[in-house]
Amino acid sequence: MKLIKKNRLKDFLNTLMNYYDVFAPVLKHKKIRFQKISTPEEVILEYSNTHNKPTELFFPQCEVLFEVDLKENIPEQPPKPDKPVIVFGIRPCDARSLQILDKVFHWDGVDDPYYFARRNNAILIVMGCTEPRSTCFCTSVGSGPMDHNGADLFLTELPEAYAIEPVSEKGKAVFEQVNDLLEDATEGELKSLAELTRRAEQMIDSEVNLNGLSDKLRGMFDHPVWDEFHLSCIGCGTCTYLCPTCHCFDILDEKKGNYVRRIRFWDCCMYPYFTLQSSGHNPRPTQKQRVRQRVMHKFQYFVENFGEIACVGCGRCILNCPVNLDIRSILKRLMEVKG
Amino acid sequence: MTRTLYTPELCEIIEIRDETPDTRTFRLRFVDEEKQKNFTFTPGQFGLYSVFGEGESTFCIASPPTWKEYFECCFRVVGRVTKALRLLDVGSVIGFRGPYGIGFPLESWEGKNLLFIAGGIGLPPLRTVIWTILDPGYRQKYGEVTVVYGARSVSDLVYKPELKQWEERSDMKLIKTVDPGGETPDWDGKIGFVPTVLEEAKPSSNNTIALICGPPIMIKFTLPVLSSLGFELKNVYTTLENRMKCGLGKCGRCNVGDFYVCKEGPVITAERLKSLPPEY
């Protein structure tokens with residue numbers, strides 16, 4: 001096991017910045033989010049998780065699909081990034097959410113070109129969670145604070161250093177690039193790593209048993225339990241904009257003179273316009289239907305189409321909901337009622 | 001020029017026909033001749049049509065794949081894109097992405113009779129099938145062909161010249177109708193709602209596939225009539241038209257339960273539709 005001493009982390013990041021565009025958690029408008037850094041000093045290391053979802057680095061809130069000069073009428077795609085990217089300090093739940101997005105953007109072998117241009121260009125240095133939040137429930141959805149799935153390199157914070165493990169081939173290449181800065185772990189440090197790993201999983205105290213939920217939900221579309229959840233929902237869409245597995249988008253054109261760009265941007269199933277057809281017909285006109293769609297999509301439809309649930313237990317929707325709707329309570333209630 | 005999945009092909013409008021006061025047909029040809037030559041699709045598949053600067057809109061391909069020189073779409077002027085399309089002239093260039101989705105399983109229907117039931121602007125998605133099977137290369141593969149078509153009024157019937165052609169043909173039967181009050185003094189068709197007219201016509205369900213497309217209210221009242229005529233749900237097909245943006249199963253908008261209209265649809269049997277949540 002190799003380590004990087006805390007006082008050498010600056011050199012570590014500087015080395016990475018020679019080869020890569022490095023994105024890391026920084027403080028912006030009083031919130032922590034991932035941004036490209038220009039110096040290691042910008043990086044915030046004391047954070048439980050970022051406010052924004054880091055999936056925005058791969059599937060941004062708004063992006064240009066192509067541009068058209070109406071005089072020429074030929075669509076042109078914006079240039080692709082040329083420098084490889086490192087995302088430093090992404091949490092295991094968020095790394096896992098990218099694996100879920102991969103499935104959507106690769107459905108039936110049809111690759112979304114914009115998403116995969118960024119995704120294939122990026123290396124994930126995942127930072128294990130030693131201080132999970134009270135809203136975290138990753139262990140209930142098949143993950144955990146030290147889940148290596150989706151990581152290229154895995155870092156764990158010890159008292160004096162970070163333990164560093166290469167996970168993928170991409171990660172091994174980076175490992176070689178920073179090899180000079182690494183040291184071997186002492187026996188004491190190895191022990192402390194094992195202890196921290198064990199403790200982190202115990203610290204996740206909210207557990208929801210989801211065994212058999214998706215099968216149960218299949219027959220529950222008309223169940224009266226759906227009359228309860230939406231009552232306090234104000235349809236603000238905060239949950240979807242912060243959810244790292246939410247991927248719904250809209251496409252529209254912007255025009256100035258002869259210059260046109262077609263953009264795509266995040267959309268939200270909590271809004272009535274989401275499904276409104278031009279005839280005026282709306283398949284999901286009520287908030288009850290929209291809340292049900294969101295829960296069913298993540299815990300049943302997604303399982304049906306991709307074989308896993310589309311929730312990583314990051315807790316952002318719980319932490320930020322203005323009316324304190326808690327997905328864990330919804331799931332518990334769904335598990336309790338008679339199907 | 002780099003192209004992606006989301007970049008439309010350019011198509012020139014080579015002919016415009018007004019079907020009704022608010023419904024228009026475009027005859028389109030790919031600007032790239034190779035594209036036009038290689039363009040194939042299954043009846044029932046759809047495309048996304050663009051006016052650069054206004055956006056993209058989803059309609060079925062309304063012409064049959066047997067027409068090789070061009071293809072057609074038919075749209076009602078209701079929103080931003082269709083309003084912009086309405087302002088275009090012959091010679092204008094629009095964008096097209098497609099074909100997307102899965103069309104009607106025509107091959108599995110060989111040897112069967114076909115019953116088409118359409119209302120208003122629900123005819124274009126079925127017209128592509130009708131003209132395909134009327135093609136000399138296909139016609140003998142199918143049994144009797146019956147079309148029941150209705151609209152609110154005489155002026156709301158689309159493809160009027162073609163309705164006339166179909167009436168004159170001996171290898172198919174057309175029953176046309178308009179809602180009560182929608183007739184004109186010289187109207188020679190039936191007067192009544194589609195479900196009623198269908199009930200009176202009593203088409204046989206024996207060895208027959210029914211295709212139905214029209215406003216939800218028409219479909220709602222026609223399905224029980226088809227059941228009473230002995231049609232099994234698995235032999236009744238329709239097409240869904242949920243709002244969609246990408247057409248590729250990514251934008252997450254067109255799903256009815258776990259059924260993504262853009263990928264598994266838009267064609268669906270009444271049997272499968274019954275198993276889905278009523279969110280269409």
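**Exercise 1. Salt bridges across the structure**

Task: Determine how many salt bridges a search of the whole structure finds over all chains, and work out which parts of chain A the pair E157(A) and K6(A) ties together.

Solution: A search that covers the whole of this predicted model finds 56 salt bridges over all chains. One pair to examine is that of E157(A) and K6(A), whose side chains meet in a salt bridge with an N to O distance of 2.7 Å, and this value falls within the 4 Å that the criterion allows. The next step is to place the two partners: E157(A) belongs to strand β7 (residues 153-157) of chain A, whereas K6(A) sits in the loop between β1 (2-5) and α1 (9-19) of chain A, so the pair ties together parts that are 151 residues apart in sequence.

**Exercise 2. Where chain B meets chain A**

Task: Describe the contact between chain B and chain A, stating how many residues are in contact, what area is buried, and which elements of chain B give two or more residues to the side that touches chain A.

Solution: Begin with the residues, of which 39 in chain B are in contact with 47 in chain A. The area buried between chain B and chain A is about 3700 Å², and carbon and sulfur atoms give 54% of that area. Turning to the polar side of the contact, one counts 25 residue pairs in polar contact between the two chains, with both residues at pLDDT 80 or more, and 8 salt bridges between chain B and chain A. K263(B) and D108(A) form a salt bridge in which the closest N and O atoms are 2.9 Å apart. On the side of chain B that touches chain A, the elements that give two or more residues are β3 (46-51) and β4 (55-60) of chain B. Sorted by class, the residues of that side divide into 16 nonpolar, 11 polar and 12 charged.

**Exercise 3. The largest cavity**

Task: State how many cavities of 30 Å³ or more are counted, and then characterise the lining of the largest cavity by element and by class.

Solution: The count comes to 8 cavities of 30 Å³ or more, and the largest cavity holds about 260 Å³ of space. It is lined by 20 residues, of which C233(A), C239(A), M270(A), R294(A) and L325(A) are the closest to its centre. At least two lining residues come from each of α8 (238-242), α9 (287-306) and α11 (327-336) of chain A, and α9(A) gives the most, with 4 residues. By class, the lining of the largest cavity consists of 14 nonpolar, 3 polar and 3 charged residues.

**Exercise 4. Backbone geometry**

Task: Locate the cis peptide bonds that precede P99(B) and P266(B), and then locate H29(A), given its positive phi.

Solution: The bond from G98(B) to P99(B) is cis, with omega near 0°, and P99(B) lies in strand β6 (residues 93-100) of chain B. The bond from G265(B) to P266(B) is cis as well, with omega near 0°, but P266(B) is found in the loop between β14 (259-260) and β15 (267-269) of chain B. In chain A, H29(A) has a phi near 50°, which is a positive value in a residue other than glycine, and H29(A) lies in the loop between β2 (21-28) and β3 (31-36) of chain A.

Methods: Residues are numbered from 1 along each chain as its sequence is written. Chains are lettered from A and ligands numbered from 1 in the order in which they are written. This is a predicted model: local features need pLDDT of at least 70, side-chain atom pairs count only at pLDDT 80 or more; totals for chains, interfaces and linings use all residues. Side-chain values use heavy atoms; hydrogens and water are left out. On a 1 Å grid over the protein atoms alone, a cavity is a set of points where a 1.4 Å probe fits but cannot get out, and a pocket is an open set with protein on both sides within 12 Å along at least five of seven lines; lining residues have an atom within 4 Å of a point. Grid points are joined across faces, edges and corners, and a volume is the space filled by probe spheres set on the points. Ala, Val, Leu, Ile, Met, Phe, Trp, Tyr, Cys and Pro count as nonpolar, Asp, Glu, Lys and Arg as charged, and the others, Gly among them, as polar. Contact means heavy atoms within 4.5 Å. Buried area is the accessible area (1.4 Å probe) that two parts lose on being put together, summed over both. A polar contact is a pair of N or O atoms within 3.5 Å; within protein, one must be able to donate a hydrogen and the other to accept it, and residues adjacent in sequence count only if both atoms are side-chain atoms.
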